[in-house]
Structures are given as structure tokens and as C-alpha cells.
Amino acid sequence: MKTKRFILIAGVIVAAMLVTLQAAELIKEYKWGVHDNSRPKPKIITPGTFSTDDAVGKAPSDAIVLFDGKNLDKWCDNNGTSPSKWIIKDGVMESVKGAGYIRTKDSFGDCQLHVEWAAPSNVIGNSQGRGNSGVFLMGTYEIQVLDCYENETYADGYAAAVYGQSPPLVNACKKPGQWQTYDIIFHRPHFKDGKVVKPATVTVLHNGVLVQDHWVIEGTTWHKRRSEYIAHADALPLKFQDHGNPVRFRNVWIRPL
Ligand code: MG
């Protein structure tokens, strides 16, 4: 009789322990309960507006405006010289042949980035020689800018390609001279002891069309050479490329994530 009672009590204790352990596991797995009212609510912001043929769009209220058409105060040349040799003309910034990259004075890592660009309406050159520039995330990973309207080139060098790695899913280019948008969601790579432990990822919408779908970046952008990672800081400046063509940019804003 005593043995039976002992077995029963021991069984109840073990069951209670199992339930407690399971509950602890659940708490570990889910930080918040379903519809948990104590969960912090999303911060209220004012969304931006889209650019139209007549008006330049506005950034969301929580974005850092990097270029609003007025000045290049947030930018410098690649060697740190300010003001940059890039010019502002009619409220837009334009690359100048031989000026080199323009870069932000501030550094960024994970981000949502909005960029508007236009290839020269005066069409000169072909393939990679026509309306070439680039958005270099962390100054290292290029989302290609290129006039790809009726302009053949190699697939991983098209506009909105992760240059040398991933062609865009479609060619959504507008005619040269027309304003085009890139909306980019980027997560930086993580390094440990000089080795990449979590590669960077990028999602790109070109003129509102998904063209890079959470692409896992293979490494630093190089030309005619397979990419690999070189360890770097958690935040680095954003750069735009001078590739010898007068490509214009406007309405540039970023939301660090
Ligand atoms: Mg380029």
C-alpha cells in the first residue's frame, strides 16, 4: 500500500516538473504571449510620400534625410574632403567624371534606403559605359546603377543587380532621363575573428518592382573576380559611384534598422 502511494506521489511530482519545464521552454521560445497587452506597441510615425512627375516625394518622419536637393552637407569625397566635387544642379546631385565616389559622413549598418536616380538623357556609350553609377551599401556592396533601357550588358551587371553576383529578377528600367527609384532593405554581415559568421542580405525594389528577393550577399563587390568577405566595422558610410557618366540623384533617405 505504502509503495503504491509512494509511486503515485512520485508520479505527480515528475508530471509537475515536466509541465514546469515545458512552460519554461515555451517562455524561452516565445517572449510574448499571443495578443499580449503588455507587449510594447509600434511607434507612431508619419509616412512619406511618393515622387510624381510633378513633385519630389517626402521621407517618412523617422528617416534620416541624406539629400533633399539643398546641399551636400551630409556628404564628402571618398578621401573625406568636404565639400565633395560632385555638384548640385537644379536641386539634384550629379556625379562628376574623375571626382571619385561620394560618401556619407555618417556610417550605417542595417537599413532601409530610398534612392532616386536618373541616367543622362543624352545617351552616350553602351553596355557598362552608359549611365553607370552604383549604390554601395556600407561602401562595399554594390547595387548597380546603369541605363538598361534598350542597352544589353552581362546579366549580373544590369541595373539593380548585386554587381557580379545576382542579376535583377526583371529589368524594370525606365527611359534615360526619367527618374527611377530604389528601395533597399539591407542587413549587414557579422564577423567573428575576421571570418564572416552571418552574411549580409539585401532586398531591392526597382521602380516599385521586387528585383532582389532577400539575396544573400557573397562578399565585397569586385570586378571580374568572385566575391569574398573582408571583415569590417558594424557601420560604414554609404557611397555612390563615379563611373565617368553624369548620373543624377535626388530624394535620398535612410532608416537605420
Ligand atoms: Mg556601377
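This report walks through a few features of a predicted model, starting at its metal site and moving outward from there.

## The magnesium site

A good place to begin is the magnesium ion. Five residues coordinate it: Asn132 through OD1, Ser133 through O, Glu142 through OE, Gln144 through OE1 and Gln241 through OE1, at 2.2 to 2.4 Å. If you trace these donors along the chain, their spacing reads N-S-x8-E-x1-Q-x96-Q. Two of them, Ser133 in strand S7 and Gln144 in strand S8 (residues 141-145), are 11 residues apart and link distant parts of the chain.

Is Gln144 buried or exposed? Gln144 counts as buried because its relative accessibility is 0%, and the cut-off for buried is under 20%.

## A closer look at Ser133

Ser133 is worth a stop of its own. You will find Ser133 in strand S7, which covers residues 133-137. With a relative accessibility of 0%, Ser133 is buried as well. A polar atom of the Ser133 side chain lies 2.6 Å from the backbone oxygen of Gln241. Ser133 and Gln241 also appear together among the residues that coordinate the magnesium ion, Ser133 through O and Gln241 through OE1.

Which residues does Ser133 touch, not counting those up to four places away in sequence? They are Trp86, Glu142, Gln144, Val145, Gln241, His243, Val247 and Phe249. Glu142, Gln144 and Gln241 from that list are also coordinating residues of the magnesium ion.

## Thr221, a neighbour of Glu142

Next comes Thr221, which sits in the loop between strand S13 (209-216) and strand S14 (239-240). Although Thr221 is in a loop, it counts as buried, at 12% relative accessibility. The side chain of Thr221 reaches the backbone nitrogen of Glu142 at 2.8 Å.

Leaving aside neighbours within four places in sequence, Thr221 is in contact with Phe136, Thr140, Tyr141, Glu142 and Tyr163. Glu142 is therefore a residue to look at twice: it is in contact with Thr221, and it coordinates the magnesium ion through OE.

## Salt bridges

Side chains of opposite charge can pair when their charged atoms come close. How many salt bridges does the structure hold? There are seven, and three of them are described here. One joins the side chains of Glu116 and Arg250, at 2.8 Å from N to O. This pair links distant parts of the chain, with Glu116 in strand S6 (residues 111-118) and Arg250 in strand S15 (residues 248-256), 134 residues apart. Both Glu116 and Arg250 are buried.

Another salt bridge brings together Lys70 and Asp68, at 3.7 Å from N to O. Here Lys70 is exposed, at 66% relative accessibility, while Asp68 is partly exposed, with a relative accessible area of 45%. In the third one described here, the side chains of Arg226 and Glu218 meet at 3.9 Å, N to O. Arg226 is exposed, with a relative accessible area of 65%, and Glu218 counts as partly exposed, at 31%.

## A nonpolar patch on the surface

Some nonpolar side chains come together on the surface too. Leu169, Val170, Val209 and Leu210 make a nonpolar surface patch of about 310 Å². Val170 belongs to the loop between S8 and strand S9 (180-187). Val170 is partly exposed, with a relative accessible area of 42%.

## Backbone details

Most residues other than glycine have a negative phi, and most peptide bonds are trans. Against that background, three places in the backbone deserve a look. Where is the cis peptide bond? It joins Ser82 and Pro83, with omega about 0°. Pro83 is in the loop between strand S2 (75-77) and strand S3 (87-89).

The other two places have a positive phi. Asp90 is a residue other than glycine with phi near 55°, and its place is the loop between S3 and strand S4 (92-94). Asp90 is exposed, with a relative accessible area of 77%. Ser127 has a positive phi as well, near 45°, and lies in the loop between S6 and S7. Ser127 is partly exposed, with a relative accessible area of 24%.

Definitions and conventions
Residues numbered from 1 in each chain as written. Predicted model: local features only at pLDDT ≥ 70, side-chain atom pairs only at ≥ 80, totals over all residues. Heavy atoms only, no water. Salt bridge = Lys/Arg side-chain N within 4 Å of Asp/Glu carboxyl O. Buried < 20%, exposed > 50% of the residue type's maximum accessible area, 1.4 Å probe, protein only. Helix = DSSP H or I, 4+ residues; strand = E, 2+ residues; numbered from the N terminus. Polar contact = N/O pair within 3.5 Å; in protein donor to acceptor, adjacent residues only side chain to side chain. Contact = heavy atoms within 4.5 Å. Donors = N, O, S within 2.8 Å, 3.2 Å for Na, K, Ca; no water. Patch = residues over 30% accessible without salt bridge, like charges linked within 9 Å, V, L, I, M, F, W, Y side chains within 5 Å. Areas by Shrake-Rupley, 256 points an atom, 1.4 Å probe, with all protein chains shown as cover.
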